[in-house]
Amino acid sequence: MKNFRKEILGLLVIVFLSVNATCQEKTSSATDSSSKTEKKNKKKKKYKLPKIDLSHWSVTTPERNAKGGAMNIEPPEILNYATDERLIPYMYNDSVNGALVFYSYPSDATTANTKYTRSELREQMVPGDNNTNWTFADGAYMRGKLAMEDVSKGSDGKYHKVIIMQIHGRLTNEQRDLIGQKDNNAPPILKIYWQDGKIRVKTKKLKNLSATDEELLHEDAWDDDEGHTFDQEVGFGKFILEVKISDGKMVVVLNKNEYAVYEDVSMRRWGIFENYFKAGNYFQSRDEGAYAKVKYYELEVKH
């Protein structure tokens, strides 16, 4: 009988050890699985950065500089935008979505020839130099993937307008001196707006097609065209804009399926000017409390 009890006790010990080992294996397996899940989640939480090379861009913000004008930061300082206290409020990373956010609102820090403020990039073909630019004969290309993150509404209930891309004209020093102008400013040949969830394009046209080359250099020789609004509504979603420039021709493309083509005498004669690209948030309101945030996921320029 004693031997029988010993055998029963031995069997119970073996069963207990077996069950305990199985539980430990399951616990270990569950722990390993949990560890793998945590690692995957950590991978998913990696910061995303926008696909934008800022080495050939300066930026203007709604902040005042020491002289009271709008703050402007050029390369290489702009490359430190993520830690530069002058830029952090107006130009910062959305590391979840991988976008560069441009924030603007009405302030007293305006630039020459405008009443509006901006958080906007200005192309510099030579970093830190505004005197090297391009003509239509040189050719140019700009592509951006972007979205309107947020924008205020006016008293009429409509969203405030925002210029999200531009091509700005520029006088050479010789042209400036020829017409006796105090700066090198020339009109923008292209303004692309986000307006009530749609993309609207505005360009310039000559008032007098027979104007002389010298007359062309004056801003009052040019007038705004009637504008073109693309059919597709982009709302607050991502969209792609392309601007293609060649001698006497300008093409604006929305999402690779809608085109606005400009190829006339005004485009051909615009070739007298130098130009540069702009991109970001040129906010078109002075309403109190108004603001806009524009996200750029990608931005590239080719010449």
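Where is the place of W134 in the chain? Let us work that out together, along with a few other exercises. Please keep in mind that the model is predicted.

**Exercise 1. Locate W134 and describe its surroundings.**

Step 1. Start with the chain position: W134 sits in the loop between β6 (118-123) and β7.

Step 2. Next, look at its cover. W134 has a relative accessible area of 1%, and buried means under 20%, so W134 counts as buried.

Step 3. Now list its partners, leaving aside neighbours within four places in sequence. W134 is in contact with E123, M125, A140, I167, I245, F273, E274, N275, Y276, F277 and H303.

Step 4. Finally, check a distance across the sequence. W134 and G271 are 137 residues apart along the chain, and their C-alpha atoms are separated by 9.8 Å.

**Exercise 2. Decide whether Q124 is buried or exposed, and find what it touches.**

Step 1. Q124, too, belongs to the loop between β6 and β7.

Step 2. Its relative accessible area is 0%, so Q124 is buried.

Step 3. Beyond its neighbours within four places in sequence, Q124 is in contact with H56, W57, S58, E74, P75, D129 and N130.

**Exercise 3. Examine the salt bridge between E242 and K256.**

Step 1. Begin with the distance. The side chains of E242 and K256 meet at 3.7 Å, N to O; the cut-off for a salt bridge is within 4 Å, so the pair qualifies.

Step 2. Place both ends. E242 is in strand β13 (residues 239-246), while K256 is in the loop between β14 (249-254) and β15 (258-262), and the two are 14 residues apart.

Step 3. Compare their cover. E242 is buried, at 6% relative accessibility, whereas K256 is exposed, at 51%.

**Exercise 4. Trace other salt bridges in the chain.**

Step 1. Find the count: the chain has twelve salt bridges.

Step 2. Take R269 and D213, whose side chains form a salt bridge at 3.0 Å, N to O. This pair links distant parts of the chain, with R269 in helix α4 (residues 265-269) and D213 in helix α3 (residues 213-216), 56 residues apart. D213 is partly exposed, with 47% relative accessibility.

Step 3. Turn to E77 and R86, another salt bridge, in which the closest N and O atoms are 3.1 Å apart. E77 is partly exposed at 41%, and R86 is partly exposed at 30%.

Step 4. Look for shared partners. Salt bridges that share partners join E77, D84 and R86 into one network.

**Exercise 5. Identify a patch of negative charge and one of its members.**

Step 1. On the surface, D156, D196, E233 and D287 gather in a patch of negative charge.

Step 2. Choose D156, which is found in the loop between β7 (140-151) and β8 (162-170).

Step 3. With a relative accessible area of 56%, D156 is exposed.

**Exercise 6. Draw up an overview of the whole chain.**

Step 1. Count the secondary structure: there are four helices and 17 strands.

Step 2. Consider burial: of the 303 residues, 44% count as buried.

Step 3. Describe the contacts. Among those between residues at least 6 apart in sequence, 69% join residues at least 24 apart.

Step 4. End with the surface: the accessible surface comes to about 16,500 Å², and 48% of that belongs to carbon and sulfur atoms.

Key: Residues numbered from 1 in each chain as written. Predicted model: local features only at pLDDT ≥ 70, side-chain atom pairs only at ≥ 80, totals over all residues. Heavy atoms only, no water. Buried < 20%, exposed > 50% of the residue type's maximum accessible area, 1.4 Å probe, protein only. Patch = residues over 30% accessible without salt bridge, like charges linked within 9 Å, V, L, I, M, F, W, Y side chains within 5 Å. Areas by Shrake-Rupley, 256 points an atom, 1.4 Å probe, with all protein chains shown as cover. Lys, Arg positive; Asp, Glu negative; His and termini not counted. Charge placed at Lys NZ, Arg CZ, Asp CG, Glu CD. Contact = heavy atoms within 4.5 Å.
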